[in-house]
Amino acid sequence: QVQLVESGGGSVQPGGSLTLSCAASGISTSSYIMGWYRRAPGSQRKLVASMSTSENENYDSSVKGRFTISRDNAKNTVSLQMNSLRPEDTAVYYCHAVFYFDHARNYWGQGTQVTVSS
C-alpha cells in the first residue's frame, strides 16, 4: 500500500519560514517525479514545485526564489523549504508522486495546512 505522509505545516507570520516534509512508503521515490501542490480556499489545486528523477527543479512563478524543493531517495522523502512566506501562500499543501515510466500511476498525500497571518 502506497502512502505519502506530509508534516511540518502550521501557522507563521508573514516573512517567516516553514519546511514541509513528505515521507513515502510502498514506493521507491527514486523512480518518481515528486512534487508539492497547494489548494487555497476557493481555488483549485495548483502545482507549487516539482523535482524530476534527475533532480531537475520546477517552480511556479509565485514561489520562485522563495521556495526550494529537495529529495532524499535514500530516506524516501521530499521536502519543501518555504521562506519569506506571504499571506497568499496560505493553503493546504499536498505531496504528489508520479511514476516516471507510467504517469497514470500517481499518488497523493492527505495534505497539511499552512497559514500565513499576522
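**Exercise 1.** Which side chain meets that of Arg 38 in a salt bridge, and at what N to O distance?

*Solution.* The model is predicted.
Step 1: the partner is Asp 89, at 2.9 Å, N to O.
Step 2: place the two residues. Arg 38 belongs to strand 4, while Asp 89 sits in the loop between strand 8 and strand 9, 51 residues apart.
Step 3: assign burial, for which the limit is under 20% relative accessible area. Asp 89 has 0%, so Asp 89 is buried; Arg 38 has 12% and therefore counts as buried.

**Exercise 2.** Find which residues are joined with Asp 89 into one network by salt bridges that share partners.

*Solution.*
Step 1: the side chain of Asp 89 also meets that of Arg 66 in a salt bridge, at 2.8 Å, N to O.
Step 2: Arg 66 lies in the loop between strand 6 and strand 7, so this pair ties together parts 23 residues apart in sequence.
Step 3: Arg 66 is buried, at 7% relative accessibility.
Step 4: through shared partners, Arg 38, Arg 66 and Asp 89 form one network.

**Exercise 3.** Is Lys 46 buried or partly exposed? Treat its salt-bridge partner, Asp 60, likewise.

*Solution.*
Step 1: the two side chains meet at 3.6 Å, N to O.
Step 2: Lys 46, at 45% relative accessibility, counts as partly exposed, whereas Asp 60, at 17%, counts as buried.
Step 3: the count of salt bridges comes to 3.

**Exercise 4.** State which strand supplies the largest share of the largest nonpolar core.

*Solution.*
Step 1: this core has 28 residues; Phe 67 and Tyr 93 are among those touching the most other members.
Step 2: strand 9 gives the largest share, 5 residues.
Step 3: beyond its sequence neighbours within four places, Phe 67 has contacts including Arg 38, Asp 89 and Tyr 93.

Notes
Residues numbered from 1 in each chain as written. Predicted model: local features only at pLDDT ≥ 70, side-chain atom pairs only at ≥ 80, totals over all residues. Heavy atoms only, no water. Core = buried A, V, L, I, M, F, W, Y, C linked by side-chain atoms within 4.5 Å. Buried < 20%, exposed > 50% of the residue type's maximum accessible area, 1.4 Å probe, protein only. Helix = DSSP H or I, 4+ residues; strand = E, 2+ residues; numbered from the N terminus. Contact = heavy atoms within 4.5 Å. Salt bridge = Lys/Arg side-chain N within 4 Å of Asp/Glu carboxyl O.
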